[in-house]
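Trainee: I would like to go through this model and ask what stands behind each label.
Mentor: Go ahead; each label will be set against its cut-off.

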Amino acid sequence: MSAKPPIPPSPTEDEYLKAVASADLPPLTAEDPVGLFAEWLAEAVKSEVNDPNAMALATVDAGGLPDVRMVLLKDAGPDGFVFYTNLGSAKGQQLAASGKAALLFHWKSLRRQVRVRGMVTPVSAEEADAYWATRARPAQLGAWASQQSQPLPDRLAFEKAIAAYGVKFGLGKAPRPPHWSGFRLTPSHIEFWRDRPFRLHERLVFDAAPGGWTTSRLYP
Ligand SMILES: Cc1cc2nc3c(=O)[nH]c(=O)nc-3n(C[C@H](O)[C@H](O)[C@H](O)COP(=O)(O)O)c2cc1C
Ligand SMILES: Cc1ncc(COP(=O)(O)O)c(C=O)c1O
């Protein structure tokens, strides 16, 4: 029999009461979700142990079954949230087919989450080239050799393929592979969530409206 996984219990009332003292914050308010996201990410950059720009990317497959995995946010602004991947991967195919996705940032050190939903479009070749050029050469060669999400018969075959691309491109720059680029999720809905004691959390929602955003609050 395998051991039971060590699931932590719900906090006790005493544990919550200790948190109440440090939870005396002004209510969460903002006019502009893009600015608030930038503020929260800046705080996460300081407090997270690694990858503060990591986010779960949710998609649906052809049968409507949800799928989810982590990716790194590489640009964010009024136009949306950008990430890069292999276009032939499971996520690449799902994004191309549905044009829809959701993102989730969870910053454990801050006890905050941000949820984003919207339509997804490919970034331009110029934008992808500019980001590609910032990646380390071994990571570039790996992207050439990786048939992401396809079965890998053996690790050695992958390493040989990476070495072969290294020889192919010599000392020059490795160009961006045709199967590697980025997507931009244009948000129609963004929710900021902040932890409060006893699970009485704050939720601030922004919905895209002509010329701006409408805001609302949700029960926790
Ligand atoms: C923190 C973290 C960041 C990641 N960032 C990316 C990324 O930016 N792009 C990417 O293609 N895969 C990234 N991955 C790997 C993906 O989670 C996933 O394993 C891979 O893209 C294949 O997903 P798919 O089969 O659903 O397409 C990351 C994984 C982790 C844990
Ligand atoms: C397979 C893969 N592609 C792309 C990325 C994006 O990050 P970077 O462009 O910094 O390598 C990651 C990050 O973990 C990754 O695992």
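**Labels and their grounds**

Mentor: Ligand 2 is surrounded by Leu72, Tyr84, Arg135 and Ala139, where a residue is near a molecule if its C-beta atom, placed from the backbone, lies within 6 Å of it. This is a predicted model, in which local features need pLDDT of at least 70 and side-chain atom pairs count only at pLDDT 80 or more, while totals for chains, interfaces and linings use all residues. Residues are numbered from 1 along each chain as its sequence is written, and chains are lettered from A and ligands numbered from 1 in the order in which they are written.

Trainee: What classes make up the shell around ligand 2?
Mentor: The shell has three nonpolar, no polar and one charged residues. Ala, Val, Leu, Ile, Met, Phe, Trp, Tyr, Cys and Pro count as nonpolar, Asp, Glu, Lys and Arg as charged, and the others, Gly among them, as polar.

Trainee: Which residues come nearest to ligand 1?
Mentor: Of the 16 residues around ligand 1, these are Thr85, Ser89, Ala90, Lys91 and Ser149. Strand E2 (66–72), strand E4 (80–86) and helix H3 (90–98) are the elements that give two or more residues to this shell. E2 gives the most, with five residues. By class, the shell around ligand 1 has seven nonpolar, five polar and four charged residues.

Trainee: What makes a stretch a helix or a strand?
Mentor: Both are DSSP runs, numbered from the N terminus: H or I over at least four residues for a helix, E over at least two for a strand. On that basis the protein chain has six helices and nine strands.

Trainee: Which residues of H3 are called buried?
Mentor: They are Lys91, Gly92, Gln94 and Leu95. A residue is buried if 20 or more other C-beta atoms lie within 10 Å of its own, exposed if 12 or fewer, and partly exposed in between, with C-beta atoms placed from the backbone. Seen down the axis of H3, the buried residues fall within an arc of 165°, so they line one face of the helix; the arc is that of the directions from the helix axis to the C-beta atoms. They pack against strand E1 (54–60), E2, E4, strand E5 (100–107), strand E6 (112–122) and strand E7 (180–194). Just after H3, Gly99 has a positive phi of about 65°.

Trainee: Why is Gly35 called exposed?
Mentor: Gly35, in helix H2 (residues 33–47), has 11 other C-beta atoms within 10 Å. The limit for exposed is 12 or fewer, so Gly35 is exposed.

Trainee: Why does Ser149 count as partly exposed?
Mentor: Ser149 has 15 C-beta neighbours inside 10 Å, between the limits for exposed and buried, so partly exposed is the label. Ser149 sits in the loop between helix H5 (137–145) and helix H6 (155–169). Its phi is near 80°, a positive value in a residue other than glycine.

Trainee: Why does Phe198 count as partly exposed?
Mentor: Phe198 has 13 C-beta neighbours inside 10 Å, which is above the limit for exposed and below that for buried, so Phe198 is partly exposed. Phe198 lies in the loop between E7 and strand E8 (202–209), and its phi, near 60°, is again positive in a residue other than glycine.

Trainee: Which side chains of E1 point to the buried face?
Mentor: Met55, Leu57 and Thr59 point to one face and are buried, while Ala54, Ala56, Ala58 and Val60 point to the other and are not. In a regular strand the side chains alternate between the two faces of the sheet.

Trainee: How do you know that E1 and E2 pair?
Mentor: Two strands pair if DSSP finds at least two bridges between them. E1 and E2 have seven, in the antiparallel sense, so they pair. Ala56 has Met70 in E2 as its bridge partner. The hairpin of E1 and E2 has five residues between the strands, and Gly64 there takes a positive phi near 85°.

Trainee: How many bridges join E1 to E5?
Mentor: Three bridges join these antiparallel strands, so the criterion of at least two is met. Ala58 stands opposite Ala102 in E5.

Terms used: Two residues are in contact if their C-beta atoms, placed from the backbone, lie within 7 Å.
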